[in-house]
Amino acid sequence: MADIQIIDAEKHFGANHVIRKLNLHIRHGEFVVLLGPSGCGKTTTLRALAGLESIDAGEIRIGDRRVDQLPPQERDTAFVFQLYSLYPHLTAFDNIAFPLRAGGMSEAKVREQVNGVAKVLRIEHLLKKRPSALAGGDMQRVTIGRALVRRPSAMLMDEPIGALDAKLREEMRTELRRLHVENDSTTVYVTHDQVEAMAMADKIGIMNDGVLQQYDDPDTVYDHPANLFVAQFVGSPIMNVVDCACEAAPEGVRARLSGMAEPFMLHDAALAAQLRAAPAAEGGLALGVRPEAITLQPAPAPGLLAARVNLIEPLGAYDIVDVTLGEASLRVRTASQFVRRPGEDVWVGLDAARTHLFDKRSGLSLRRND
Amino acid sequence: MAAVSLHRVSKQFGAVHAVRDLTLDIANREFFVLLGPTGAGKTTTLRCIAGLEQPQTGDILIAGERVNDWSAAQRDVALVFQQYSLYPNYTVRENLAFPLKSKLRMLSPQEIEQRVARAAATVRISHLLERRTDRLSGGEMQRVSIGRAIVREPRVFLMDEPLSNLDAKLRELLRAELKGLQQRLETTLVFVTHDQVEAMTMGDRIGVVNKGELIQVGTPHEIYNQPANTFVASFVGTPAINLLDLQVDLARSRAHNGSLAFTLEPATCERLARVLPADGAVCFGIRPENVSLVAGGGLPGAIYGAENHGAEIVAVIESGGHRLRATVPAKTPTALNQPVQISFMQDKLHFFHPQSGERLRPH
């Protein structure tokens with residue numbers, strides 16, 4: 001079994017530079033999600049792996065073979081498309097069996113393989129049905145079954161569950177992840193949905209404008225975003241990002257948001273060291289903090305900052321409370337009904353260890369080398 | 001600004017009952033959300049209020065007056081759709097001014113100018129006034145659509161999935177903006193959506209609609225914490241509530257179904273005693289945030305799947321042939337097939353009738 005490597009890959013569509021100097025090492029057995037907005041180059045990357053697009057420069061290797069000059073069928077990858085691409089006149093069984101029979105496998109072996117895959121996918125009861133008689137989720141499972149049955153070195157999936165409704169999508173996320181583990185597959189999965197990426201991936205590669213922004217496991221991406229783009233693309237509710245004047249002090253970072261009379265202290269020596277080491281950010285700094293890394297208190301206490309409740313968004317399990325601090329607006333995750341009405345005074349505490357500083361011009365996080 | 005009431009409103013399209021005997025009072029200055037799946041009848045209800053559909057029976061009242069026989073224009077309501085219905089060849093300014101140029105209004109050019117400027121500032125598009133609307137992003141277009149509704153200063157705003165075409169981040173921002181806007185304008189707003197997050201976060205009250213019927217009306221807190229039936233319980237909240245059909249044995253303080261069995265706390269037994277059907281069959285509802293992983297003394301199970309959501313993990317646990325979702329803290333170890341034990345916060349258990357799905361009420 002094999003690792004996949006993309007080395008210094010470049011791709012243009014006319015004047016459009018869709019992949020820029022891309023390097024990606026996907027280890028055998030990993031579930032890697034390429035995440036980004038539409039047009040970021042993620043689907044082109046996947047298609048280049050499959051051999052459906054050529055690359056203009058660089059290399060693609062699967063195991064010890066260089067494959068970027070090989071046609072798709074010689075790369076030993078299987079591609080699952082977003083749209084169900086089943087043969088309408090064949091039963092689910094025959095659809096899954098198709099690639100095996102095309103390879104000249106004996107009928108007894110075909111039956112064994114198809115039944116094995118059907119068992120894993122829990123579609124044994126559907127094998128005699130034609131695609132038109134299948135529900136959307138079942139159809140997608142058959143499509144996946146057809147890809148899986150060949151036991152390819154890599155499963156390549158392009159938004160395979162994007163067209164399903166929310167409930168089914170949730171179920172399929174779990175099933176696809178299990179399938180990946182049970183089959184010891186290597187999977188590369190493309191999506192624009194950060195929830196899917198966080199939920200399924202061993203590693204997430206976040207792309208924007210053809211450039212890989214960060215390649216890390218979900219916790220690292222979430223807790224230590226490399227730049228502002230990643231910070232705000234991953235996580236819902238979105239990370240708060242506000243302009244901030246900062247100064248390194250012995251005990252941490254002295255920070256002041258616009259409209260604040262007094263600075264406050266972020267007690268984090270590491271962040272202070274990074275601020276000292278960082279070249280002066282000409283465009284200024286932005287402070288980033290996720291809604292769950294802020295606490296609200298009903299009364300003042302040392303280290304807390306006075307703020308006012310602007311808006312309450314109940315989500316049932318918890319509330320998102322929008323508060324005004326200085327001139328900045330911050331969203332805070334609180335227990336359900338912790339704050340009762342807009343206009344109330346509250347006191348805000350930022351978890352310094354989970355507060356980030358970004359260079360506004362480059363977008364880079366000062367913590368990126370943590 | 002005005003209250004809106006529907007009294008026993010029904011609307012059929014051929015054999016299809018789009019709205020069945022719907023009665024609803026929406027208060028002046030209320031942000032009211034009609035929530036339901038596709039085909040529930042929520043858009044038809046909104047169109048009946050707007051005067052774009054005529055109900056076969058029932059009354060529609062705006063500010064206490066029956067308006068069934070009034071035209072859409074006479075009702076003085078503004079409708080914002082999912083599709084931005086802007087004039088593509090006109091500038092934002094022209095689009096905003098358009099509804100004010102009607103001869104019926106007899107507004108002076110200065111008055112129109114002022115109102116357009118005010119509306120543009122309210123929805124933060126002042127910098128876009130001279131731009132043609134086909135040069136705008138989706139979010140900007142929807143702001144213009146809302147601005148065009150505001151500029152008329154209608155008695156009621158009606159919005160039909162106005163955020164659905166926008167991407168997730170923008171939806172999140174506009175959600176808060178729209179709620180803030182409604183509070184600042186102190187206006188009555190009826191908002192239709194199939195998205196429970198929108199309903200929960202924006203509504204003062206939510207009316208949950210299914211198959212043409214109004215199932216429950218309540219504040220977001222009531223809808224979430226006291227769902228009237230399993231439909232509402234499942235439709236609202238993500239990850240979805242766990243529903244378990246169990247047999248209750250009060251004498252032994254047990255609830256069980258096959259190999260899944262657990263002890264009922266005294267307080268739970270007390271609550272159940274008041275509502276328990278004669279055959280002891282109950283559908284238990286428990287939200288994922290009220291299920292926790294415990295070191296010992298819980299229901300035995302194994303991790304079937306786990307989704308990292310950054311701020312927390314949603315684990316799917318297989319226990320006694322059932323799959324249950326639990327929201328657990330970030331970084332909790334959740335390897336596939338790892339044995340775990342789970343426990344329920346029993347004061348958060350919901351009890352429903354296993355056949356009808358209705359919330360069990362005291363006898």
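Here is a chat about the contact, the empty spaces and a few backbone details of this predicted model.

User: Before we start, what kind of model is it, and how are things numbered?

Analyst: It's a predicted model, where local features need pLDDT of at least 70 and side-chain atom pairs count only at pLDDT 80 or more, while totals for chains, interfaces and linings use all residues. Residues are numbered from 1 along each chain as its sequence is written, chains are lettered from A and ligands numbered from 1 in the order in which they are written, and side-chain values use heavy atoms, with hydrogens and water left out.

User: OK, how many residues does each chain put into the contact?

Analyst: Chain A gives 36 residues and chain B gives 34 residues. Contact here means heavy atoms within 4.5 Å.

User: And how much area do they bury?

Analyst: About 2800 Å² between chain A and chain B, with 51% of it on carbon and sulfur atoms. Buried area is the accessible area (1.4 Å probe) that two parts lose on being put together, summed over both.

User: How many salt bridges are there across that interface?

Analyst: The rule finds six between chain A and chain B. A salt bridge is a side-chain nitrogen of Lys or Arg within 4 Å of a carboxyl oxygen of Asp or Glu.

User: Which residues make one?

Analyst: A:R173 and B:E307 do, at 2.7 Å from N to O. A:E313 and B:R175 also meet in a salt bridge, at 3.5 Å from N to O. That pair crosses between chains, from strand β16 of chain A to helix α6 of chain B. Helices (H or I, at least four residues) and strands (E, at least two) are DSSP runs, numbered from the N terminus.

User: Why would such side chains pair up?

Analyst: Side chains of opposite charge can pair when their charged atoms come close.

User: How many salt bridges are there over all chains?

Analyst: A search of the whole structure gives 39.

User: Back to the interface: how many residue pairs are in polar contact?

Analyst: There are 17 between chain A and chain B, counting pairs with both residues at pLDDT 80 or more. A polar contact is a pair of N or O atoms within 3.5 Å; within protein, one must be able to donate a hydrogen and the other to accept it, and residues adjacent in sequence count only if both atoms are side-chain atoms. On the side of chain A that touches chain B, the elements giving two or more residues include α5 (166-183) and β16 (305-314) of chain A. The largest share, seven residues, comes from α5(A). By class, that side of chain A has 16 nonpolar, eight polar and twelve charged residues. Ala, Val, Leu, Ile, Met, Phe, Trp, Tyr, Cys and Pro count as nonpolar, Asp, Glu, Lys and Arg as charged, and the others, Gly among them, as polar.

User: New topic: how many cavities of 30 Å³ or more are there?

Analyst: Five by this rule, and the largest cavity holds about 90 Å³ of space. On a 1 Å grid over the protein atoms alone, a cavity is a set of points where a 1.4 Å probe fits but cannot get out, and a pocket is an open set with protein on both sides within 12 Å along at least five of seven lines; lining residues have an atom within 4 Å of a point. Grid points are joined across faces, edges and corners, and a volume is the space filled by probe spheres set on the points.

User: What lines the largest cavity?

Analyst: Residues of chain B, among them B:R124, B:I146 and B:E177. α6(B) gives the most, with five residues.

User: And the second largest pocket, how much space lies in it?

Analyst: About 650 Å³. Of its 25 lining residues, the closest to its centre are B:V77, B:A78, B:P99, B:R105 and B:R152.

User: Last one: where are the cis peptide bonds you can show me?

Analyst: One joins A:S236 and A:P237, with omega about 0°. Another joins B:T238 and B:P239, with omega about -5°.
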